Amino acid sequence: MSENRALQRAHILANHILRSPPLPSSLSLAREVCLQYSPPELNESYGFDVKEMRRLLDGHNTEDRDWLYGLMMQSNLFNRKERGGKIFVSPDYNQTMEQQREITMKRIWYLLEKGVYRGWLTDSGPEAELKKLALLEVCGIYDHSLSIKLGVHFFLWGNAVKFFGTKRHHEKWLKNTEDYVVKGCFAMTELGHGSNVRGIETVTTYDPRTGEFVINTPCESAQKYWIGGAAKHATHTIVFSQLNINGTNQGVHAFIAQIRDEDGNICPNIRVADCGHKIGLNGVDNGRIWFDNLRIPRENLLNSVADVSPDGEYVSAIKDPDQRFGAFMAPLTSGRVTIASSAIYSAKVGLAIALRYSLSRRAFSVKANGPEVLLLDYPSHQRRLLPLLAKTYAMSFAANDLKMIYVKRTPETNKAIHVVSSGLKAVLTWHNMHTLQECREAVGGQGVKTENLVGQLKGEFDVQTTFEGDNNVLMQQVSKALFAEYVSCKKRNKPFRGLGLEHMNSSRPVLPTQLSSSTLRCSQFQKNVFCLRERDLLERFTSEVAQLQGRGESRESSFLVNHELAEDLGKAFTEKAILQTILDAEAKLPAGSMKDVLGLVRSMYALISIEEDPSFLRYGYLSRDNVGDVRREVSKLCGELRPHALALVSSFGIPDAFLGPIAFNWVEANAWSSV
Amino acid sequence: MASHSQVLVEEKSSVRILTLNRPKQLNALSFQMISRLLQLFLAYEEDPSVKLVILKGQGRAFCAGGDVSAVVRDIGQGNWRLGAKFFADEYMLNYVMATYTKPQVSILNGIVMGGGAGVSVHGPFRIATQNTVFAMPETVLGLFPDVGASYFLSRLPGFFGEYVGLTGARLDGADMLACGLATHYLPSTRLTALEAELCRVDSSDPTVVSAILDAYTQNPHLKQQSAYHRQVLDVIDRCFSGRTVEEIIAALEREASDDWISTTIRALKKASPASLKISLRSIREGRLQGVGQCLSREYRMVCHVLKGDISKDFVEGCRAILIDKDKNPKWEPWRLEEMKDRMVEQYFKRVEEEEDLKLPARKNLPALAMAKL
C-alpha cells in the first residue's frame, strides 16, 4: 500500500470515529442487508476439463499465447491497474487520440524488443503462420488498435511486398519490415472508392527517359483515405493505382513509395492529412494521402504479376485484365481470415464479462422477502446470453478451420478460401457486434464504463463490418460464387465438389413432420435442415437469375434484382459451413463430459440459427408447429447450458487481467477505500 | 507447550505464535508439521478468540523447505503415492494460508527456501531481517518451484520471478522487500519488541497490523551485488522474458559478460533441463491463473516428478545434493533440446489413476494478500 493510500485510509477511519454517532445497541440489522460479492467459482462447478476445452478452442500455440499475455501484464506500458485486489491490463480509452496513437506505437516497440514478431515475414510454412496468427489474436484481445496497427504493417504492407513483390523487393524490405526499420502502410482505399478497388482513380504513368513511375492524385475523390499509419508513423506505403502505359490503362497495380524520411518529415510531392477522431480504434493513425507527380524508381513496381521494361513496355503472363486483377488480390485473403478470428475473440471477451457478472449479480426477489435472484437464473437472461455463447463456440471452430485452410493454401484452394473467408468475415463480425450490444445491456449501467470493456469494444470493433470488404458486398460475392459453381456443374453435367456442396449430389433430404426433442438434437437432422435450406435457396436463386437472363437481362442486373435471395443464400451457406466445423470438432472428441457439453452447444447453435432465420417458414422448410418446437427446445437448452455457463466462458482462456473489473469483485472494485 | 513438538504453540490473548521447531533440519517441513499447521490454522479460523497468527522458526532458519528426504525414501521403496500425499497436504496448507480470513505475520529471520516460502509468502505480512536468505532452489534438485510459487513468483515485477525460479538465486532481506516478497524489513534486534506489541493486537483488521508493522519497518539499502539494481533488472527483463529456456540462455550469452551473467548462466547450466523447462512453463501459466489453479497444476506436475514417468531427475537431484552430496547429478535428459515439448506437455496432464488436488471452497480470495506484491 502506498503511503498516500495509507494516509487516506487513516483519514477515513478517523472520520468514522470522530463524527459518527454512538453505535446503536443492535448492530446486526445494518449488516444483514449489505450485499457481498460472492465469486461465481464458489457455487458453480466445472462439469468438464476447462483446460482441455481451452486448448480445443484456441486450437494452436497455447504456450505462445500465454507468453504474450504475460509480456503485456509484466510491462508498465499496458496500463496495469488494480481494481478490487486484482490486476487488470487494458488501454486507457480516456486518453486523447494523440496519446492513444503514441502509446500504441510504444507497445509495438516493446513487443518488438521482446521478439514477438520474429519470423513474421521471414519465416514461412503453416507452423510459422499459425504462430503469427495466434500472437496477433492475443494483441487484439488486449486492444484492437494494437492488432490493427500491427496488421497494417505486417499483413497489408508486409504481405503485399511478399506476395506482389519479387526477390528484389523481398531482400530490400522484408527483414527491415520485421525489425521496424521501415514502417509500412497500405494505400488502397480512396475517398471515392472502397470495396470497388478496380474503380480507383489514382493514376501512374511511366517515364522511360528517367526510368521512373509518376504517381498522381488527379481529383479529390482520388485521395487515399483511411490509410492506417499514414497520419503519423508510416515511412513507406504500398500505392494502388491505375497503370497507364502509352495511353493504355493496364488496370490496378501496386507500387512502393516512401512518404516520410527517417526523421518523420513528409517527403516532397506527398501531402498527408489526418482522418481525425473516430468512434473507436483511436490508437491507429488513419490518414489521407495525395500524390503530386511523385516519382519512384521503376523497380518499385511490385512485379509478381506484371512488369514494365526499362524502355516502357508492359509485360504480363496473364493477358486477361480480370484474371490479372484476381491473381493480384488473392493473397489479401489473410485480412479477412484475421478479422474473422479476431471478431470471435472480441465476442469471447464480451461474453466472459457479461456471464461472469450475471453469475454474481442479483436483482429482484421472486418471493416476497425472499433472496434476490442471480441474473443468470432468470430464463430471460439465459435466453439473451446463452445462444450467443453457443454461436461464439461454433464460430470459434469455424474461424480455426478457416485459419487452417488458409495456412495450408494451394492454388486449388484459393477459390474456396475466398468464398468461405468472405462469408465468415461477414457473419462473424456481425455476430460480434450483436453480442457486444447484448452483453453491454446485460451488465446494465456498468457496461458503459470503458474500463469494463463491453461497451467500448462496440466502437473499437464496429469497423470490422465494413473494412477489408463491406459485409453486404462480401455476402453477395458468396452467392455469386455459389451461382457460378452451380451453373458450371450443371452445364458440364458434373457432380458438385468442394464448398461443402456435395450434399447437392444426393436427393433432397426429407424432414420429419413431427419434431421431437431428440430429433431436434440429432446432428443428422440438423445437417439436413441446413442442407435443405442451402440447396433450395441456391436452386431458387439460380432459377430466378436464369429466368431474368432468358428475358434478356444481364447477369449482373439479374443478381441485383434478386438481392434478397442472394442475402438469404449467403447466410444459409455460411451458417451451414459453421455447423459443419463444430460437428467435426465434436466428432473428434472421445466420449465424455466435454463431448456431451459440446453436443449441447452445437444443438443450441443449430436451433437458434433456425429460430432466427425466417427463411425456414417463408419457404416452408418447416411448419408453424415445427418452429414452435424449435423455440421450446432452445429454451430447454438454455436451462441445460446454464450449469455450464461459467465453465464455458472460462474455457475461452482469456486471462482475468484482460477482462473488466465487473467480471470479478465489483463491490470491492468500487469500494470507498479504492476511491 | 511440549519442547519436543515440531510446532510450538504460544497463546498470547488474541494472538497465536507458532514456531517451527526442527532447528537441526533447519525447520524443514515434515509430514507431521504440515498436518499440525493445517489443523491449527483451520481451528484458529473458526475460533473467534483468535485474531492474529504469527509464524516463525526456531534457530537460524525460518524454514529450509519441505523435508524431501522422506519422500525420496518412499519413492525408493516404490511408493511415490505416499510422497504425493505429502505434497497434497502441503499445497492444501498453502491454499488455506493464501485464502486465510485472519492476518498471518511470518517472521523470516533466517533461511527461507522452497516450502518455507510456501508457508509465508501467501500470507499478507512477511517480515525480513538482515539474517534472511531466500531462495527457490528446486531446479537443482530436479523439482520445480512449487508450493504456489508459480503464483507468487509470476507476480513479481517484470521477469524477476522467472529469474528467481529458474536460477535458484539467493535474495537477502533487502532484495525481498524491494521485489515484494517481503512486506516489511527490520533489524532482528527489534523483533522482540515488535512481537510483544503484536501480541497486544485484538483485531483481525489488516490495517491495524499494518500500522504496527509500518512503525517498525526500515528501508534498507540494496547490497552492491544485489540483482535488484536497475541495470541488472534491465538485463533480467531483457533475457528472462524469452519465450523458451533456450532463448533465455541465448539472450544471457549475448549480454556483455560480467560476474552476474556468468553466475546466472552457470546456475542455469547446472540445473536439471527437465526442471527448467517445466518450471518456466509453470510460471508462465501461473501468471494467468488464480492461486488455487496454480496449486492444482503444480500438484499434477509434482505427481509426474515423483512417479518419474518422464524424468527421474528428482531422485537423482536429491541423491547428488542431499544424500551423497557429490553435487554431480546425472540429469536425464541431459541437454535442453532433448527435453521435447511433448515431454514437457506430459507434466501438465493428470497422472492416470491419480485424483486432481481437491481444494476446499473458500470465500476469501487471495487478492488482498497479493496486492502487496
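**Exercise 1. Locate Lys327(B) and describe its backbone and exposure.**

Step 1. Lys327(B) sits in the loop between α15 and α16 of chain B, where helices (H or I, at least four residues) and strands (E, at least two) are DSSP runs numbered from the N terminus. This is a predicted model, in which local features need pLDDT of at least 70, side-chain atom pairs count only at pLDDT 80 or more, and totals for chains, interfaces and linings use all residues. Residues are numbered from 1 along each chain as its sequence is written, chains are lettered from A and ligands numbered from 1 in the order in which they are written, and side-chain values use heavy atoms, with hydrogens and water left out.

Step 2. The phi of Lys327(B) is near 50 degrees, a positive value in a residue other than glycine. Most residues other than glycine have a negative phi, and most peptide bonds are trans.

Step 3. Lys327(B) counts as exposed because its relative accessibility is 65%. Buried means under 20% relative accessible area, exposed over 50%, and partly exposed in between (1.4 Å probe, protein chains only).

Step 4. The loop between α15 (313–323) and α16 (341–347) of chain B also holds Pro333(B). The peptide bond from Glu332(B) to Pro333(B) is cis, with omega near 0 degrees.

**Exercise 2. Determine whether Leu453(A) is buried or exposed, and give its phi.**

Step 1. Leu453(A) is placed in the loop between α13 (414–442) and α14 (454–461) of chain A.

Step 2. Its phi is positive, about 70 degrees, although Leu453(A) is not a glycine.

Step 3. With a relative accessible area of 5%, Leu453(A) is buried.

**Exercise 3. Analyse the salt bridge between Arg295(A) and Asp207(A).**

Step 1. Side chains of opposite charge can pair when their charged atoms come close. The criterion for a salt bridge is a side-chain nitrogen of Lys or Arg within 4 Å of a carboxyl oxygen of Asp or Glu.

Step 2. For Arg295(A) and Asp207(A) the N to O distance is 3.0 Å.

Step 3. Arg295(A) belongs to strand β11 (residues 294–297) and Asp207(A) to strand β4 (residues 203–207), both of chain A, so the pair ties together parts that are 88 residues apart in sequence.

Step 4. Arg295(A) is partly exposed, at 39% relative accessible area, while Asp207(A) is buried, at 7%.

**Exercise 4. Describe two further salt bridges, Glu299(A) with Arg298(A) and Glu11(B) with Arg16(B), and place them in the whole structure.**

Step 1. In the pair Glu299(A) and Arg298(A), the closest N and O atoms are 3.9 Å apart. Glu299(A) is partly exposed at 35% relative accessibility, and Arg298(A) is buried at 13%.

Step 2. The closest N and O atoms of Glu11(B) and Arg16(B) are 3.9 Å apart. Here Glu11(B) is exposed at 58% relative accessibility, and Arg16(B) is buried at 6%.

Step 3. Salt bridges that share partners join Lys51(A), Arg55(A), Glu63(A), Arg281(B), Glu285(B), Arg297(B) and Glu345(B) into one network.

Step 4. Over all chains, the search of the whole structure gives 74 salt bridges.

**Exercise 5. State which residues form the positive surface patch, and where Arg497(A) lies.**

Step 1. The patch consists of Lys491(A), Arg492(A), Lys494(A) and Arg497(A). Patch members have over 30% relative accessible area and no salt bridge; like charges are joined within 9 Å, nonpolar side chains (Val, Leu, Ile, Met, Phe, Trp, Tyr) within 5 Å.

Step 2. Arg497(A) lies in the loop between α15 (471–492) and α16 (517–520) of chain A. At 73% relative accessibility, Arg497(A) is exposed.

**Exercise 6. Relate the UniProt annotations of chain A to the model.**

Step 1. An unreviewed UniProt entry lists residues 332–482 of chain A as "domain: Acyl-CoA oxidase C-alpha1". This span is 69% helix and 5% strand, and its end C-alpha atoms lie 21 Å apart.

Step 2. Residues 532–660 of chain A are listed by UniProt as "domain: Acyl-CoA oxidase C-terminal" (unreviewed entry). This span is 78% helix and 0% strand, with its end C-alpha atoms 42 Å apart.

Step 3. The UniProt annotation "binding site" (unreviewed entry) covers Thr189(A) and Gly228(A). Although spread over 40 residues of sequence, they cluster in space, with a largest C-alpha distance of 10.6 Å.

Step 4. Thr189(A) lies in the loop between β3 (184–187) and β4 of chain A, and is partly exposed at 28% relative accessible area.

Conventions: Accessible areas come from the Shrake-Rupley method with a 1.4 Å probe; for residues, only the protein chains shown count as cover. Lys and Arg count as positive and Asp and Glu as negative; His and the chain ends are not counted. The place of a charge is taken as NZ of Lys, CZ of Arg, CG of Asp or CD of Glu. UniProt positions are given in the numbering used here, feature names are shortened, and annotations may be inferred rather than shown by experiment.
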